[in-house]
Amino acid sequence: ARVTCPPTDDPCWEDQPELLLRAAAAADAALSEAFLVCTDEAGLRLAGATGCRPVLVLGDRALGDLFGPQDPDQKGFAVALDLSTAVDYMIEESS
């Protein structure tokens, strides 16, 4: 299932990369060292815009379900079947 914004007048955080930038600045954290768990191509674009390391969680979908026959716009992201696998990957990459 695609995660989307509820219908409001306020845009989603994925449409506002400055929210991640401000949060990182407040925490004195480097986004280049942070992982962003994504469920779709919009999340991958956000990771690219902010310099985060994207991890795409497929769930019950295949890559073709998300991107069709074409290659995704974003390249160089990790893919995990579920959130648990994504967390294991992030722990391994961080150590």
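1. Let's start with the aromatic pairs: there are 2 of them in this structure. Keep in mind while you look that this is a predicted model. A pair of aromatic rings is described by the distance of the centres and the angle of the planes, and you'll find both values below for each pair.

2. One pair is Phe-35 with Tyr-89, and their arrangement is edge-to-face, with 6.2 Å centre to centre and 80 degrees between the planes. This pair links distant parts of the chain, 54 residues apart: Phe-35 sits in strand 1 (residues 35–38), while Tyr-89 belongs to helix 4 (residues 83–94). How accessible is Tyr-89? Its relative accessibility is 31%, so Tyr-89 counts as partly exposed.

3. Then there's Phe-67 with Phe-77, a tilted pair at 6.2 Å centre to centre, with 45 degrees between the planes. Here the partners are 10 residues apart, and again the pair links distant parts of the chain: look for Phe-67 in helix 3 (residues 63–67) and for Phe-77 in the loop between helix 3 and strand 3 (78–80).

4. Are the rings of that tilted pair on buried or exposed residues? Phe-67 is buried, at 5% relative accessible area. Phe-77 comes out at 17% relative accessibility, and since buried means under 20%, Phe-77 counts as buried.

5. Now for the surface. Val-37, Leu-83, Val-87 and Ile-91 make up a nonpolar patch of about 330 Å². Helix 4 gives the largest share of this patch, with 3 residues. Ile-91 is a good one to check by eye: this residue lies in helix 4, and it counts as exposed because its relative accessible area is 54%.

How values were computed: Residues are numbered from 1 along each chain as its sequence is written. This is a predicted model: local features need pLDDT of at least 70, side-chain atom pairs count only at pLDDT 80 or more; totals for chains, interfaces and linings use all residues. Side-chain values use heavy atoms; hydrogens and water are left out. Rings of Phe, Tyr and Trp (its six-membered ring) pair if their centres lie within 6.5 Å; planes under 30 degrees apart count as stacked, over 60 as edge-to-face and the rest as tilted. Helices (H or I, at least four residues) and strands (E, at least two) are DSSP runs, numbered from the N terminus. Buried means under 20% relative accessible area, exposed over 50%, partly exposed in between (1.4 Å probe, protein chains only). Patches are made of residues with over 30% relative accessible area and no salt bridge: like charges are joined within 9 Å, nonpolar side chains (Val, Leu, Ile, Met, Phe, Trp, Tyr) within 5 Å. Accessible areas come from the Shrake-Rupley method with a 1.4 Å probe; for residues, only the protein chains shown count as cover. A salt bridge is a side-chain nitrogen of Lys or Arg within 4 Å of a carboxyl oxygen of Asp or Glu.
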